[in-house]
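Me: Please walk me through some charged pairs in this protein. Keep it short.

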Amino acid sequence: MKNTDRPLLPQKSNSFSFVDNKKKLQRTLSLGFFDHNSDEKKTAEFLKNKIKDGDISNRSENDANDGNADNKGEPRQAVNFATLLQDIDLFLATLTDPELTELPELPEPIIRKFLDVVDLIVANCSGDEPWVPEDDDHPILATIDRVAIINSEITKHYSEPKYTQTINRSGSVLHRCMVFLEAEFHLLLLEDHNANLTCIIPPPSEETEGEPEKPSLPYTPEVAEQLRGIASSMITAGYVTECCQAFSTARHNAFHSAIASLGYERSSIDDILRMSWEILEGQIPKWIKSCRQAINEVIQCERELVEKVFSCIPKFSSEFFQSMAREAIIYHLTFPQAVVMTTRSTEKLFKVLDMYETLKELEHLIGSLLPNEREAGDNLSSSYNLDLKSEVRTARSHLGESAVMIFCGLEKSIKADSSRTAMPGGAVHPLTRYVMNYIKLACEYKSTMEHIFKAHYKPAHHTDNTTDDNDNPFAEQLIKLMDLLNENIEEKSKLYKDASLSCIFLMNNGSYMGQKIKGSEGISMLLGASWARKRFSELRQYHKNYQRETWSKVLGCLKDDGITVKGHVQKPVLKERFKSFNGIFEDIHRTQSAWVVSDEQLKSELKISVSAVLVPAYRSFKGRYEHHFSSGRQTEKYIRFSPDDLEKYIEDLFEGTPMSMPRRR
């Protein structure tokens, strides 16, 4: 046989047979699938509608006279094609006979006639006009599957010259069918893509609560099934590369669009390092949202799609899915790597912790997405997976280390605050508010902070007696910060010349700390009961010191010492006592009404304790000695207050507004 007569095997295309025609992008497709149990009359009925008068007569010698047939010839054509399909299926069935010992004789006329009809159908369906079949249940894919099987079987007769023309014809028709299917496959992937990005990640619903809605496939179930059918036909025909390439390209583009729609835009490390903290702080929530949804939802959705479309090639499904997972991880990995390289400052702690928890939350999922060496086999892909999982662990570890160093930096901030300006009215110092609120927020990440401190905390002074198994380095650092804050506040209390105001300042700050500790279960657990008892004991001592410094002189005026001599009341002494009491009390009222006690409970306790000591003592003293004054102006001059007046004026204390008493005539 001459070389020119050798049969030409089908040549596979390496790229899409795709025409940039907007009309084609608007096709309405409804491909049927190969069902061995379907009624072949449906095939004949569909093909009858696709075959025009004279089409078969031009391609088949057996129907040479059918070109002039009238409408009465249509039923005979349909019956003839149904018979043709039965003959083809009968021939294919004999090939699967287990008792078959040698290849049967090829029914060349039947095969060539069948190939002519299929070629005509594909030519008609591949035009520029939209292909809208009359029947939703037509079996074009079933017909193309027959062509693939025929081509596979007849090429076994490659060495027989008499079959050369039929082999070339079947290869040509099969290739044309595959080009058609490849284009349809690509169009299906593109058509639903732009319209269904929102189906990948469902928008949040205000009405639904509890479990979030599961993301749906980016294609309708009908389109997904059409994609599966086309993929199955192309793979059966040996066009695996073209089919997988078309799917990979389309879904990778869709994946990148979906990631971009999440709001996070990938930046280089240099760009991130140049960002101000205000801009970077706004990017972190976007990164967290994008990272979680990309790995939790988008990737899982792509996995479900590829496993559905390529159910017949599990290896490709696995490799494609792992490739997408790696892309998603790499896309988001640059950001945390850059954040830990920025200048550390206390305000960055909580965003860094959020990123740490995000990676920790996703690390287990990433481990399941990228199989280990045993599961994936000792190949390049498993090596990539191991390296990438190691990078994720490293990024998380660096975030944890950065968080520890940032929190420990608070110690330097407390020590560095050496302001020499006393707070007006003994109010809570800004340092106390900042540190306590900072610690309270940090303790909301208690489990995370404990974990990263155990992993990364390196104390400056580490003794051999330290038991690493039982201690809690985060709790130790927290107690150290609280003690430093107390020392700093006690030092600042010395800025007040008035000892009473110094006590108020210490009480205000101590009470503020106590309220924050009570309001945070995390702080209470970490500091421990003994530490809390010690601090509350100090707070009570401040209270006692205040009462002693402020009211001891007032109460000294109400003592009986020196008033009575040999049974007689010394009126000058008595007058001086009342006069001193009035002056001291007025001065305290005027001064301490301007002082500030922000904690309402502490303020109430202070007023009650003052009233409980002062009012009864004054009532008793007044009752014993007021009759020694003549009624009228003399009594009003020295006894200016009733017990009720004292209670009223005591209520004016610590309100932050200077007040004066009305003068009596």
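Me: Is R274 buried or exposed?
Reply: This is a predicted model. Exposed means over 50% relative accessible area. R274 has 62% relative accessibility, so R274 counts as exposed.

Me: Which residue meets R274 in a salt bridge?
Reply: Side chains of opposite charge can pair when their charged atoms come close. The partner sits three residues apart from R274 in helix α11 (residues 269-274), so about one helical turn separates the two. This partner is partly exposed, at a relative accessible area of 34%. The N to O distance is 2.5 Å, and the partner is D271.

Me: Which helix holds E363, the salt-bridge partner of R396?
Reply: The closest N and O atoms of R396 and E363 are 2.4 Å apart. R396 lies in helix α16 (residues 380-416), and the pair ties together parts that are 33 residues apart in sequence. Both residues are buried. E363 belongs to residues 349-369, which is helix α14.

Me: What is the relative accessible area of K603?
Reply: K603 forms a salt bridge with E600 at 3.4 Å, N to O. They are three residues apart in helix α24 (residues 600-625), so about one helical turn separates them. E600 counts as exposed, at 53% relative accessibility. K603 is buried, and its relative accessible area is 8%.

Me: Which residues are linked with E600 and K603 in a network of salt bridges?
Reply: The structure holds 25 salt bridges. One network of them includes E600 and K603. The other members are K607, E651 and E655.

How values were computed. Residues are numbered from 1 along each chain as its sequence is written. This is a predicted model: local features need pLDDT of at least 70, side-chain atom pairs count only at pLDDT 80 or more; totals for chains, interfaces and linings use all residues. Side-chain values use heavy atoms; hydrogens and water are left out. A salt bridge is a side-chain nitrogen of Lys or Arg within 4 Å of a carboxyl oxygen of Asp or Glu. Helices (H or I, at least four residues) and strands (E, at least two) are DSSP runs, numbered from the N terminus. Buried means under 20% relative accessible area, exposed over 50%, partly exposed in between (1.4 Å probe, protein chains only).
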